[in-house]
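Here is a protein model to walk through, with the sequence and the coordinates side by side. Keep both open and follow along from one spot to the next.

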Amino acid sequence: MTGTKKLYVKTYGCQMNVYDSERMAEALGAQGYEQVESPEGADMILLNTCHIREKAAEKVYSELGRFKPLREANPDLKIGVAGCVAQAEGEEIMRRQPMVDLVVGPQTYHRLPSMMEALGRGEKALDTEFPEEDKFAHLPKARLPKRGPTAFLTVQEGCDKFCSFCVVPYTRGAEVSRPADRLLREARDLVERGVREITLLGQNVNAYHGAGPDGGEWGLARLIREMARIDGLDRIRFTTSHPNDMEDDLIAAHGDCDKLMPYLHLPVQAGSDKVLKAMNRKHTAEQYIRLIERIRAVRPDLHLSGDFIVGFPGETEEDFQATLDLVETVGYGTAYSFKYSARPGTPAAERAMVDAAEADDRLQRLQALITKQQRATQDAMVGRTVSVLFEKPGRMPGQMVGKSEYLHAVHVDGPEGLAGQIAKVEIVESRPNSLSGRLLG
Ligand code: SAH
Ligand code: SF4
Ligand code: F3S
């Protein structure tokens, strides 16, 4: 490769896309591309997209439109679309936006190097297969530079759950788990590069069942326990889990694995059993609440996070009340709520929508309750001592910011050298989206 070309990557959607963007940038790095922070002056623009809700998918086309002047100024500029919109819409993207040179799905981006060669010949390139081979085994393994103290690591991809509203089983394909020894190796590499906290990722991460080096099959708990043996790795998290895959050993790990952080994102989506059934969630509200009780029994300080959909087809005011009741019962540290968006190809898209104004109103009421709980959980931290992994300087001079074990952002007055350190902090104040504290010792 000659010279350095500039690559601009923009990432939408979930953490798995963040991880994939890093891998794609590395794959293109081996082709002489260096990542830049802005699309101006780039030789290649890559949008790593999300298809989960209509708004997310439409954003891609408006963003592409904005690149027009850049392409006019530089006819050699290459534009690529990756991720879940690429998978769902394929060629349609090039029809709707002819400026697009490359469309690559989430399971084929290890083939980027040969696709780039096609682009070099002035051709267009499209690959949205679900190949048998493991893309991660085909990505470059060059020694990589130092990095920040936290990292994502995808351990499992795809989803077999087919919730009736969700595109993920179609855009990401069936559940596939990566072999445990490769994950342990990747975790050790990350630690050597300065990482102290790893978040294990999967669309359905607790469905992980990878081949163990001992010839057996490992579940997520086993993987976490083995990873916890790596010196220098201090914190382990995982996301996103499904209530039906929360096995006994994983619950136990929350009680006996010190490196596993007391924070769990466990989406339930709704509180009405009728709606849960229509969503094909295969669990009841009661089963979810019992499950939370079991996890809290081994880890009483666990902070819970969840996802909710309001205005699902057929949701009545009474059903919605059941969601509010569930939220009251569980008490979330954080939760994300979304208005139902009908996604082409999913079973629920065939059903009659809830009145839009009604759905908006429910979303606001749910968000108000969640905000209140979030605030109360945060306020309850004042006076407590937490352990913070510091990441970077805060917005104010002389300030550093990091995350507590409960994933709260915590600010302190402290030197830049704190970055990458874990320190005890006494929380003195709760602000709208963060805590501030005093360094101890
Ligand atoms: N695998 C995860 C998350 C998948 S997508 C899980 O099972 O929970 C993240 C969140 O987006 C979902 O939890 C859901 O709350 C929301 N979501 C998914 N499809 C949606 C749709 N069609 N409309 C609105 N929200 C949706
Ligand atoms: Fe989508 Fe349901 Fe799978 Fe989560 S579990 S990714 S919501 S189908
Ligand atoms: Fe979006 Fe795909 Fe993630 S649809 S949420 S980027 S799996």
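What follows is a stroll through this predicted model, from its ligands to a helix, a barrel and a few single residues.

Let's start with the ligands. Around ligand 2 you'll find C159, K161, F162, C163, F165, C166, V168, P169, H242 and R281. Sorted by class, that shell holds seven nonpolar, one polar and two charged residues. Cysteine counts as nonpolar in this sorting, so C159, C163 and C166, which are among the residues around ligand 2, go into the nonpolar group.

Now hop over to ligand 3. Its surroundings are made up of C14, N17, T49, C50, H51, I52, C84, R172 and Q203. Here the class count reads four nonpolar, four polar and one charged.

Next, a helix. α10 covers residues 248-256, and L250, I251, A253 and H254 are buried in it. Why do the buried residues of α10 line one face of the helix? Look down the axis of α10: the buried residues fall within an arc of 150°, so one face is what they line. As for what that face meets, the buried residues of α10 pack against two helices, α9 (220-227) and α12 (285-298), and against two strands, β13 (235-239) and β14 (263-265).

On to the barrel. Five strands form a closed barrel in the order β17-β18-β19-β21-β20, and the pairing is mixed. From one strand to the next, the twist averages 50°. You can see the mix by looking at β21. With β19 (residues 409-413), strand β21 (residues 435-439) pairs in the parallel sense over two bridges, and V410 stands opposite L435 there. With β20 (residues 422-430), on the other hand, β21 runs antiparallel, joined by five bridges. In that pairing E429 faces S436 of β21. A hairpin of four residues takes the chain from β20 to β21.

While you're at β19, have a look at A409, which sits in that strand. Is A409 buried or partly exposed? A409 has a relative accessible area of 21%, and buried means under 20%, so A409 counts as partly exposed. Setting aside neighbours within four places in sequence, A409 is in contact with G402, K403, N433, S434 and L435. One of these, S434, is 25 residues away from A409 along the chain, yet the two C-alpha atoms are separated by 5.0 Å.

Compare that with T334, which belongs to strand β16 (residues 334-339). T334 has a relative accessible area of 17%, so T334 is buried. Leaving out residues up to four places away in sequence, T334 touches Y263, L304, S305, G306 and Q374. Among these contacts, Y263 belongs to β14 (263-265), one of the elements that the buried residues of α10 pack against.

Our last stop is T323, in helix α13 (residues 317-330). T323 has a relative accessibility of 1%, so T323 counts as buried. Beyond its neighbours within four places in sequence, T323 is in contact with A270, G271, S272, F308 and L366. For a sense of distance across the model, try E175: T323 and E175 are 148 residues apart along the chain, and 29 Å separates their C-alpha atoms.

Terms used
Residues numbered from 1 in each chain as written. Chains lettered and ligands numbered in written order. Predicted model: local features only at pLDDT ≥ 70, side-chain atom pairs only at ≥ 80, totals over all residues. Heavy atoms only, no water. Near = heavy atom within 4 Å. Buried < 20%, exposed > 50% of the residue type's maximum accessible area, 1.4 Å probe, protein only. Arc of directions from axis to C-beta. Contact = heavy atoms within 4.5 Å. Pairing = 2+ DSSP bridges. Axes fitted to C-alpha atoms, helices over the stretch in contact; angles between N-to-C directions.
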